[in-house]
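Hello,

Here is the structure for your files. Please look it over first; my notes follow.

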Amino acid sequence: MIKIQEVLETLVRHQVELIIVGGVAATVHGSARVTQDLDLVYARNEANLVRLIAALRGRRPYPRGAPPGLPFRWDVDTLRSGLNFTLTTDLGDLDLLGEIPGGGAYEDLLPHTLEVEAYGLRCRCLDLETLIRVKRAAGRPRDLEAIAELLVIREERDKPDE
Amino acid sequence: MPIHARVLDAALRICRGRRGWTFRPAEIVASLPELNASSVRTHVMSRCCVNAPPHHPHRWPYFRRVERGVYQVLPPLRKRRSEASPVAGPTAGLAPGAARTPRAVQEMGRRTPVAPPGPDHMRAGRALLSVEVRERGGRYVAASAEFAPGIEGTSLESVVSRVVSLARERLRKAGGPPVRLSAELRFEAGPGLEPSDPLVAAYAKDIDRTLIRENLRLSVEERLEKLQGWAEAMDEIRGAAWRSRRGAGKT
């Protein structure tokens, strides 16, 4: 189970450049669906990789679903060599994504984000239109219901106040 | 169009307008109001600048910093045709009922010609114009960085037609040999109208809107705390079920 506040506090305190996507982003916009992990798109510039490593060092990041005891090193070389990482941590399940289908990398998504404030922190979250677009682009049958809910959220949100 | 291409395109348009190849980042930011200003500056000053510090693993060799606050388009790119030269064909392709759509985004582009090689003056290329059309009080307003002020009309078709005419006129004035043009309209509907997806529509019918409305009354933090609460509750229930199965197994 992800500890959303603690994860965000840790990452924001280390000034990690990130964008909230996925189920938690849907929650930010008003979704009633429950998600059990936190999906984040992270900037892959060298400085941000260093900050990300520092932020989660000590939180025991490890590939989710992998057998225990593998020689997994949480360092910049590992991040540089890969792109998307599905991790377990002491703070819960965390997906660190270098890019997402239909959306691209951090720099591509940044113009399509909004700043949200929670727990005294400011962080960036994918906007609703782009969230719908990337969900469609993912093309997974399981996302159809999520897409439907996001469309309903958009309708309800854009209704004039009664 | 990726942001780096749009930044280059904006720089080329600005520089050609003043017949010089230097510009300031603020000019690019101002010409791309729909993009995040910080991202635009990052691209001008770092990701697309050949003599910037190497903060990014991948860069595009578009500009050079010549002095504080002044950047220059590199010579190999100066003959490149601006991507934002817009032309579009007829308005065929608009979805039925498009005029009733509260909000639409239309993209008019020019495809690379696929006809057999023609006369020498035919030229392949690609240009794109993004135009956002909104309905306001029964009138339609088209807004684009290319046309200021916006274009208004009483119907979606008339606004699109005027945008097309203006785009053709701009292209004609820009000079150069004639090109074969085709149009591609991509229609993105606003609330209440979505490109048909029967499965999504079927799911949408069963969405409990009372839950959505309840969530929309909450702040972002309250929504996240509600999610956290549910996640913890589910965790507890799952644990209880597991303990229950273990206990049943023992008896």
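Helix 7 of chain A (residues 143-158) packs on helix 6 of chain B (residues 209-216) at an angle of about 60°, and their axes are 10 Å apart. Axes here are lines fitted to C-alpha atoms, for helices over the stretch in contact, and angles run from 0 to 180 degrees between N-to-C directions. Helices (H or I, at least four residues) and strands (E, at least two) are DSSP runs, numbered from the N terminus. The two helices are therefore oblique to each other. For that wording, angles under 35 degrees are roughly parallel, over 145 roughly antiparallel, 65 to 115 roughly perpendicular, and the rest oblique. The crossing is right-handed (the near helix is turned clockwise from the far one by less than a right angle; anticlockwise would be left-handed).

Glu149(A), Val152(A), Ile153(A), Glu155(A), Glu156(A) and Arg157(A) meet Arg209(B), Ile212(B), Arg213(B) and Leu216(B) there. Contact means heavy atoms within 4.5 Å. By class, this contact has four nonpolar, no polar and six charged residues. Ala, Val, Leu, Ile, Met, Phe, Trp, Tyr, Cys and Pro count as nonpolar, Asp, Glu, Lys and Arg as charged, and the others, Gly among them, as polar.

This is a predicted model: local features need pLDDT of at least 70, side-chain atom pairs count only at pLDDT 80 or more, and totals for chains, interfaces and linings use all residues. Residues are numbered from 1 along each chain as its sequence is written, chains are lettered from A and ligands numbered from 1 in the order written, and side-chain values use heavy atoms, without hydrogens and water.

Helix 7 of chain A also packs on helix 5 of chain B (residues 198-205), at about 65° with axes 8 Å apart. This crossing is right-handed. Leu144(A), Glu145(A), Ile147(A), Ala148(A), Leu151(A) and Val152(A) contact Leu199(B), Val200(B), Tyr203(B) and Ala204(B). These residues divide into nine nonpolar, no polar and one charged.

Next, helix 6 of chain A (residues 128-138). Its buried residues are Leu128(A), Thr130(A), Leu131(A), Ile132(A), Val134(A) and Lys135(A). Buried means under 20% relative accessible area, exposed over 50%, partly exposed in between (1.4 Å probe, protein chains only). Their cover includes helix 2 (22-29), strand 6 (99-100), helix 5, strand 9 (121-126) and helix 7 of chain A. Gly139(A) follows the helix, with a positive phi near 70°.

His112(A) lies in the loop between helix 5 and strand 8 (113-118) of chain A. This histidine is partly exposed, at 28% relative accessibility. Beyond neighbours within four places in sequence, His112(A) contacts Cys125(A), Leu126(A), Asp127(A), Thr130(A) and Arg133(A).

Now chain B. The chain has seven helices and eight strands. Of its 251 residues, 35% are buried. In helix 3 (residues 37-47), the buried residues are Ser39(B), Val40(B), His43(B), Val44(B), Ser46(B) and Arg47(B). Helix 5 (106-109) of chain A is part of their cover, along with chain B elements including helix 1 (3-18) and helix 2 (25-31).

Last, the cysteines. The whole structure has zero disulfides over all chains (a disulfide is a pair of cysteine sulfur atoms within 2.5 Å). Cys49(B) is in none; its nearest cysteine sulfur, that of Cys48(B), is 8.8 Å away. Cys49(B) is buried, at 1% relative accessibility. Cys15(B) is buried too, with a relative accessible area of 1%.

Best wishes
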